[in-house]
Amino acid sequence: MKTWNQALLLKQIWNLLTDHSLWVQWCKKYLIRKHSFWNLPSAGYHSWSWRQILLLRNVALQHLVYVCGKGDSFSLWYDPWFHGNSIHALYGHRVIYDAGMQGTELVQSVIANGQWNWPVNSPQLLDIHQRVQDIPISSAMDQIFWERQGKLFSSKAAWSSIRVPAPAVGWARMVWHHTRIPKQAFYLWLSILGALKTRDKLFLLGIVPSACCSFNCGEDESIAHLFFACPFSQSTWKAVLGMCNIYRQPLPWQQEIQWMEGHARGKKFPQTLRKLAFGATVYHIWMERNRRSFKNRFLPQGKIIQKIQGEVAAKLLSIEPAMAQIDENHHSLGCNWGMFG
Ligand SMILES: [Zn+2]
């Protein structure tokens, strides 16, 4: 059960926020340093697993509950103690300057004599001052919970909670099937959960200057746009569907997931191929989007389709029984995917 791995990564996030083990101390010293975990950028030189942890922050955020006590450990600006968000995520960097602060303050710096005591020298700060009034202050320590107040993290609870957004196990089987390509399955899983950091989200966080799609279509980038409403990804997916002998237009994202769930069940060759093709397409579109978005480089569409084809074919060729099936019944599929040399 690979979903367990994701639950374990969430556990690492939980540990990082609540515990003081050597691993946590090491992360704080070398990876987080002066930053906050919540707005730490993900960089190419980070290890694969650390980058997966950073990618899962959005998912973790939906389940963590920050309960303010006397404000002695939460970061004033970056921790999500403010109605489930961080002030920085909601108001941007500007309010820190407006407040005349550094960004390193703890919540207690705006508490005096058990009362909220915010500087109110800008409209945003005034807004914060008003919205903060219904957050109680106490003499207890700040505490972090999972799901609801009083509840701590358990891998089992995390596992069932990350499954909650999907109504059925149907898509889980489509993602974590026997012959999956692990990193592609991981991104497919994130995209179905809506946990990929698309530009619409980054824009709201003030990380990118606009939400514009990296494929220059003029629309804003969101999960549903990227998979597969954008003309670039739409024609890519249509071509890949064609290679699976499926001749139809790409569907809106949620319907596409449902269609795949219904039409890619089981271990037979065409169904296995569909699952792999779906995962590979989502993965390579996401990689190309990153290339265009952050590296200012791009690959032509033909090259991306070639990569999808090559990786899926290599995976299928590594499974012996699949080959026997191709020869007898699925010759044209094998040809489409370049599996005969
Ligand atoms: Zn687009």
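Two residues are in contact if their C-beta atoms, placed from the backbone, lie within 7 Å. The exercises below apply this criterion and others to a predicted model.

**Exercise 1. Determine which residues Asn-85 is in contact with, leaving aside its neighbours within four places in sequence, and describe its setting.**

Solution.
1. Asn-85 is placed in the loop that runs between strand E1 (64–67) and helix H5 (87–91).
2. With neighbours within four places in sequence left aside, the contacts of Asn-85 are Pro-80 and Leu-90.
3. A residue is partly exposed when its count of other C-beta atoms within 10 Å falls between the limits of 12 or fewer for exposed and 20 or more for buried. Asn-85 has 15 C-beta neighbours inside 10 Å and therefore counts as partly exposed.
4. Tyr-66 is 19 residues from Asn-85 in sequence, and the C-alpha to C-alpha separation of the two is 9.3 Å.

**Exercise 2. State the overall composition and extent of the protein chain.**

Solution.
1. The secondary structure of the chain comprises 18 helices and 4 strands.
2. The C-alpha trace spans about 80 × 40 × 35 Å along its principal axes.
3. Of the 341 residues in the chain, 30% are buried.
4. Considering contacts between residues at least 6 apart in sequence, 62% join residues at least 24 apart.

**Exercise 3. Classify the packing of H13 against H15 as roughly parallel or roughly antiparallel, and list the residues that meet.**

Solution.
1. Two packed helices are described by the angle between their axes and the distance between the axes.
2. For helix H13 (residues 231–243) and helix H15 (residues 269–295), the angle is about 155° and the axes are 11 Å apart.
3. Angles over 145 degrees count as roughly antiparallel. H13 and H15 are therefore roughly antiparallel to each other.
4. The crossing in which H13 passes H15 is right-handed.
5. On the H13 side, Ser-233, Thr-236, Trp-237 and Val-240 take part, and they meet Ala-277, Thr-281 and Ile-285 of H15. By class, this contact of H13 with H15 has 4 nonpolar residues, 3 polar residues and no charged ones.

**Exercise 4. Repeat the analysis for H13 and H16.**

Solution.
1. The axes of H13 and helix H16 (residues 301–317) cross at roughly 40° and come within 11 Å.
2. Angles under 35 degrees count as roughly parallel, and 65 to 115 as roughly perpendicular. The value for this pair falls in neither range, so H13 and H16 are oblique to each other.
3. H13 and H16 make a right-handed crossing.
4. From H13, the residues Phe-232, Ser-235, Thr-236, Ala-239, Val-240 and Met-243 meet Gln-301, Ile-304, Ile-305, Ile-308 and Gln-309 of H16. The class count for the contact of H13 with H16 is 7 nonpolar, 4 polar and no charged residues.

**Exercise 5. Identify the residues of the largest nonpolar core that touch the most other members, and the helix that gives the most to this core.**

Solution.
1. The largest nonpolar core holds 71 residues, and those touching the most other members are Leu-10, Val-175, Leu-188, Trp-189, Ala-277, Val-282 and Val-312.
2. The greatest contribution to this core comes from H15, with 10 residues.
3. Ala-277, apart from its neighbours within four places in sequence, is in contact with Val-240, Cys-244, Ile-308 and Val-312. Val-240 belongs to the part of H13 that meets H15, and Ile-308 belongs to the part of H16 that meets H13.
4. Ser-293 is also located in helix H15. It has 17 other C-beta atoms within 10 Å and is therefore partly exposed.
5. Ser-293 lies 81 residues from Cys-212 in sequence, with 9.9 Å between their C-alpha atoms.

**Exercise 6. Examine the backbone at Phe-228, Asn-113 and Asn-245.**

Solution.
1. Phe-227 and Phe-228 are joined by a cis peptide bond, with omega about -5°. Phe-228 is part of helix H12 (residues 223–229).
2. Asn-113 has a phi near 50°, a positive value in a residue other than glycine. Its position is the loop between strand E2 (111–112) and strand E3 (115–116). Since Asn-113 has 5 other C-beta atoms within 10 Å, it is exposed.
3. Asn-245 likewise has a positive phi, near 60°, and is a residue other than glycine. The loop between H13 and helix H14 (253–263) contains Asn-245. Its 13 C-beta neighbours inside 10 Å make Asn-245 partly exposed.

Definitions and conventions
Residues numbered from 1 in each chain as written. Predicted model: local features only at pLDDT ≥ 70, side-chain atom pairs only at ≥ 80, totals over all residues. Axes fitted to C-alpha atoms, helices over the stretch in contact; angles between N-to-C directions. Helix = DSSP H or I, 4+ residues; strand = E, 2+ residues; numbered from the N terminus. Left-handed = near helix turned anticlockwise from the far one by under 90°. Nonpolar A, V, L, I, M, F, W, Y, C, P; charged D, E, K, R; others polar. Core = buried A, V, L, I, M, F, W, Y, C linked by C-beta atoms within 7 Å.
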